[in-house]
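Reader: I would like to go through this model with you and ask, for each label that is used, what stands behind it.

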Amino acid sequence: MPESLSAFGLGGAKGRYVSLCALYLFIYYGLGAFAPLITQYYESIHLTGTQIGLISAVAPIVSIVAQPMWGMICDRYQIRKTVLILTLTITGLVGLLFTGVSTFVYVFLLYILLSFFQSAVVPISDSLALGYAKGHGIQFGDIRLWGAIGFALAAFITGLLVEQWGPHVLFYSFCSAFLIAILFLQKVSEEVTEASRFRVSMLAGIRDLARIPRFALFLISSFCMMGSVNANNIWFSLFYQDIGGTIAGIGLAFLLFAGSEAPFMKLAGYIVRRWGLELTLLLSAIFCAMRWFWYSSAPSTTAVITMFFVQGISVGFYLATAAQFVRENTPASLQVTALAIFFSVGGGLGSMFCNLVAGWIKDSFSVLAIYLFFGIITTIGIIPLLMIKFGRWKQISPDEEVQASQ
């Protein structure tokens, strides 16, 4: 047991659970310090909307290649913790390099490097948490909610620090949180099943996963849903200032938004047990589309803050159940690869598309028009979820479904 963890009394099964929750807390603290406020840094170095869109789109493009690669490495060699330690360390240190650059070209190149390593963090940590949750009979959302808490705290605290000392402080918060996360990762155990020991190639794995209709439909939906949600993290600060908000108000908004995700992630477990994963995901997408359409109507900052809980219903429900849906509808031997592909399509292709279009919309129309687009694309994403819930594809064992298609 690492001495740093022993000092906090994190021993035994309880210690492993606490460490896993702390891992999520600090990983998402880093993400919460970075994503909501990075646009303030872009504005401070005078980037255009199109340039911001291009930089924001580079991470998804890189993840399309990098996430399946990281997933294949983890599935083949069973070194998830080692890969996660490596990627957390390098991602945090690369983040510090942003404090020394101020031109579009250098920011763009640094973002490519950061995105390559950061793309492994969420899929691998989710894989570890899902394995632990299944092995100990608990809901994944009970662990994932600590990520929402970390994101909320970081957005609020870092927002205050940015207003006081400038946007460069967000990079120090980002790096520190990732390095602290590594301390808790040391105590997290890997729940490895016999099925997950199978040796698979990435191309073979993708081919097998593509033969599962429910998974393929879910990827289409995630392209629309996650694309708009991730893009909102980039563009919300400009939207909030456009309707009269302040930088400190941005931090408060994200504190309430992300903070509302935690209780709804807890509630998601109850709804899943009572009405199923599909209905929970459908409910989250509907609320998400309604939220974007409402934002496009230029509500007051007071109204946006007052209705903070809408993010809990939409994003909180989705984050607590999406990874679980992937796990329950894909073969056990391809768990990390399936999660990596899911994040590549939703967080990758979807975010890339939404950010590129949003950058063009900002320069050509307005920030409000960006949210009209988000509402339309999310509405399109509801259609595959309806097909999953009410269509002819009923859930069977993913391994049996792959075998039947061969």
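Author: Ile 250 has its place in helix H12, which covers residues 247-275, and, as this is a predicted model, everything said about Ile 250 and the rest is computed from predicted coordinates.

Reader: Why is Ile 250 called buried?

Author: The term buried is kept for residues under 20% relative accessible area, and Ile 250 has a relative accessible area of 0%, so it is called buried.

Reader: Which residues are in contact with Ile 250, leaving aside its neighbours within four places in sequence?

Author: With those neighbours left aside, Ile 250 is in contact with Pro 36, Leu 37, Gln 40, Ser 237, Tyr 240 and Gln 241. The C-alpha atom of Ile 250 is also 7.7 Å from that of Phe 156, although the two residues are 94 apart in sequence.

Reader: Helix H11 holds both Asn 233 and Asn 230; what makes Asn 233 buried?

Author: Asn 233 has a relative accessible area of 15%, and the limit for buried is under 20%, so Asn 233 is counted as buried. Beyond its neighbours within four places in sequence, Asn 233 is in contact with Ala 35, Pro 36, Phe 151 and Phe 254.

Reader: And why does Asn 230 count as partly exposed?

Author: Partly exposed is the class between the buried limit of 20% and the exposed limit of 50%, and Asn 230 has 26% relative accessibility, so it counts as partly exposed. Not counting residues up to four places away in sequence, Asn 230 touches Gly 346, Gly 347 and Ser 351, and its C-alpha atom is separated by 8.9 Å from that of Ala 35, which is 195 residues away along the chain.

Reader: How do you know that Tyr 111 is buried?

Author: Tyr 111, which lies in helix H6 (residues 104-118), has 7% relative accessibility and therefore counts as buried, the limit being under 20%. When neighbours within four places in sequence are left aside, Tyr 111 is in contact with Phe 34, Tyr 42, Ile 55, Val 58, Ala 59 and Phe 98. Its C-alpha atom and that of Val 62, 49 residues apart along the chain, are separated by 9.6 Å.

Reader: Why is His 46 called exposed?

Author: Exposed means over 50% relative accessible area, and His 46 has 69%, so it is called exposed. His 46 lies in the loop between helix H3 (38-44) and helix H4 (49-77), and it has a positive phi of about 65 degrees although it is not a glycine.

Reader: What makes Ala 298 partly exposed?

Author: Ala 298 has a relative accessible area of 39%, which falls between the 20% and 50% limits, so Ala 298 is partly exposed. The loop in which Ala 298 lies is between helix H13 (277-295) and helix H14 (301-306), and its phi is near 60 degrees, a positive value in a residue other than glycine.

Reader: How do the axes of H4 and helix H5 cross?

Author: The axes of H4 and H5 (residues 80-97) come within 8 Å and cross at roughly 145 degrees. Their contact is made by Trp 70, Ile 73 and Cys 74 of H4 together with Arg 80, Val 83 and Thr 87 of H5.

Reader: How many residues of each class has the contact of H4 with H5?

Author: That contact has four nonpolar, one polar and one charged residues; Arg is in the charged class, and Trp, Ile, Cys and Val are in the nonpolar class, while Thr falls among the others and therefore counts as polar.

Reader: Which residues have the most contacts inside the largest nonpolar core?

Author: In this core of 115 residues, those with the most contacts are Tyr 41, Phe 218, Trp 235, Phe 236 and Phe 374. Helix H11 (residues 213-242) gives the most to the core, with 15 residues, and at least three residues are drawn from each of domain 1 (14-190) and domain 2 (202-391).

Reader: What does Phe 218 touch, not counting residues up to four places away in sequence?

Author: Phe 218 touches Leu 281, Tyr 318, Ala 322, Phe 325, Val 326, Phe 342, Leu 385 and Ile 388.

Conventions. Residues numbered from 1 in each chain as written. Predicted model: local features only at pLDDT ≥ 70, side-chain atom pairs only at ≥ 80, totals over all residues. Heavy atoms only, no water. Core = buried A, V, L, I, M, F, W, Y, C linked by side-chain atoms within 4.5 Å. Buried < 20%, exposed > 50% of the residue type's maximum accessible area, 1.4 Å probe, protein only. Helix = DSSP H or I, 4+ residues; strand = E, 2+ residues; numbered from the N terminus. Domains from an automatic or database assignment. Contact = heavy atoms within 4.5 Å. Axes fitted to C-alpha atoms, helices over the stretch in contact; angles between N-to-C directions.
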